[in-house]
Amino acid sequence: MCHEKERPGPESETHLRPAVFEQLRLAMNSDPSGFLELYRDYLAEAWLSVQALRVSIQQRDAEAVRAKAHYLKSSSMVLGAAHVAQEAAILEEAAAGGRFDEAAARLNQAVLRLKQVTARLVEELGREVDPAGITAA
Amino acid sequence: MTANPIRVVIADDHPVVRVGLRNMLQVDPLIQVVGEARDGVEALEMCRALQPDILLLDLAMPNVAGMDALRELTGGGLSTRTIVLTGLIEKRQVLEALQLGARGVVLKDAVVEHLTACIRAVMQGQYWLDGHPVQNLVQVLRDLAAQTAPPPRKTFGLTARELEVVNLITEGCTNKDIAKTFGISEETVKRHLTNIFNKLGVGNRLELALFALNHNLMPENSSQ
């Protein structure tokens, strides 16, 4: 008999949408290391985007902020990191409007959300999925 | 019995997005991803070379942007049907994409729920918007056009003739020029100007010209 995983509550569901995560897991059933790599790549690029966003916000470079935020939003949407995607979308809008203080605040929120997604992925896939060692601390 | 698979090209500049989409689509045995493009140029090349049934097109791509790629595809006589993938449903963009020949629009965060259904609907000749097949495209286009139309121009209560006078004032015409243009007396022009000054709360021709430029106060059919 297999043990059914405890169903995540609504809050954690939006950290990482189960519908997306499970469909991808099913699709990549024959390639579990590819599945791990996909989410590892996502996290690695997301954390790099966060670093680049900090610099671009400091430099008040609206186009760079908008482009990086768009990237973060896009990959987060497709891989089911709904909260990160939401924060990135607002960040993108703030950059387009030249509202850098709001962008900085949103980036902090996005970082928080990204930490939650990282923690969730570590629960599901193990520490290997966390390229930045966020959850090691 | 196995039907021919629906051949799909994915065009998105983010590798993680392409891998995610490819794997999600692979779950459906009737869909086969035959190519992945990193920008608009590659998307066009792949569509010409591979002639896929469906192109999944991100609008925000480097080199040739998605909308320009769509324009080229539509003009290129290819039978590939394009589905736009977007992070935000912006009505103006949706209208433009449909006018350029897109058959469907899917939000990136609704890929799991809608993408394969959208692909199947589009292959059956339908259009897809807001998570559903479109029943009446003409009505949808009308609605979108109405929702994205610019707000009615403010005319500040000026009549059509007064707006024409304002236009000539901004071009630097004298009262005599204006009178000649409209075949009216200079007295009538002065009367028009007085009415215009009163309605707009300006005191002279220079203020009027500045007001008109700042408020885009030109006749509807003015040819710049």
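Axes here are lines fitted to C-alpha atoms, for helices over the stretch in contact, and the angles between them run from 0 to 180 degrees between N-to-C directions. With that in hand, the contact between the two chains is a good place to start in this predicted model. Helix α3(A) packs against α1(B) at an angle of about 155°, and their axes are 10 Å apart. Because angles over 145 degrees count as roughly antiparallel, α3(A) and α1(B) are roughly antiparallel to each other. The crossing of α3(A) past α1(B) is left-handed. On the α3(A) side the contact is made by Leu38(A), Asp41(A), Tyr42(A) and Glu45(A), which meet Val16(B), Val19(B) and Gly20(B) of α1(B). Sorted by class, this contact of α3(A) with α1(B) holds four nonpolar residues, one polar residue and two charged residues.

The wider contact between the chains draws 22 residues from chain A and 17 residues from chain B. On the chain A side, the elements giving two or more residues are α2 (18-27), α3, α4 (62-79) and α5 (82-96). Of these, α4(A) gives the most, with eight residues. The side of chain A that touches chain B is made up of 15 nonpolar, four polar and three charged residues.

Chain A itself has six helices and zero strands, and reading along its sequence gives the pattern α-α-α-α-α-α. Of the 137 residues in chain A, 41% are buried. Among contacts in chain A with a separation of 6 or more, 57% join residues 24 or more positions apart.

Attention now turns to the interior. The largest nonpolar core has 80 residues, and the members that touch the most others are Val8(B), Ala43(B), Leu56(B), Leu57(B) and Ile83(B). Helix α3 of chain A, residues 32-58, gives the most to this core, with eight residues. A second core lies apart from the largest one; this other core has ten residues, including Val165(B), Ile169(B), Val189(B) and Leu217(B). To follow one of the well-connected members, Ile83(B) touches a set of residues that includes Ile54(B), Leu56(B), Leu57(B), Ala102(B) and Val106(B), leaving aside residues up to four places away in sequence. With the same exclusion, Arg103(B), Gly104(B), Cys118(B), Ile119(B) and Val122(B) are also among the residues touched by Ile83(B).

Within chain B, helix α1 (residues 15-26) also packs against helix α5 (residues 111-123), the axes coming within 10 Å and crossing at roughly 65°. This crossing of α1(B) and α5(B) is right-handed. Leu21(B), Met24(B) and Leu25(B) of α1(B) make the contact with Val111(B), Val112(B), Leu115(B) and Thr116(B) of α5(B). By class, the contact of α1(B) with α5(B) has six nonpolar residues, one polar residue and no charged residues.

Several single residues of chain B also deserve a look. Arg142(B) sits in helix α6, residues 137-148. Because 11 C-beta neighbours lie inside 10 Å, Arg142(B) counts as exposed. Arg142(B) is 47 residues from Leu95(B) in sequence, and the two are 9.4 Å apart in space, C-alpha to C-alpha.

Cys173(B) belongs to the loop between α7 (160-170) and α8 (175-182) of chain B. With 17 C-beta neighbours inside 10 Å, Cys173(B) is therefore counted as partly exposed. Leaving out residues up to four places away in sequence, Cys173(B) touches Leu168(B) and Ile178(B). Cys173(B) and Ile119(B) are 54 residues apart along the chain, and their C-alpha atoms are separated by 59 Å.

Two further loop residues draw the eye for their backbone angles. Gln51(B) has a positive phi of about 45°, although it is not a glycine. The loop holding Gln51(B) runs between α2 (40-50) and β3 (54-58) of chain B. Gln51(B) is partly exposed, because 13 other C-beta atoms lie within 10 Å. Phe156(B), likewise not a glycine, has a positive phi of about 55°. Phe156(B) is found in the loop between α6 and α7 of chain B, and with 16 other C-beta atoms within 10 Å, Phe156(B) is partly exposed.

Definitions and conventions:
Residues numbered from 1 in each chain as written. Chains lettered and ligands numbered in written order. Predicted model: local features only at pLDDT ≥ 70, side-chain atom pairs only at ≥ 80, totals over all residues. Core = buried A, V, L, I, M, F, W, Y, C linked by C-beta atoms within 7 Å. Buried ≥ 20, exposed ≤ 12 C-beta atoms within 10 Å, placed from the backbone. Helix = DSSP H or I, 4+ residues; strand = E, 2+ residues; numbered from the N terminus. Contact = placed C-beta atoms within 7 Å. Nonpolar A, V, L, I, M, F, W, Y, C, P; charged D, E, K, R; others polar. Left-handed = near helix turned anticlockwise from the far one by under 90°. Parallel < 35°, antiparallel > 145°, perpendicular 65-115°, else oblique.
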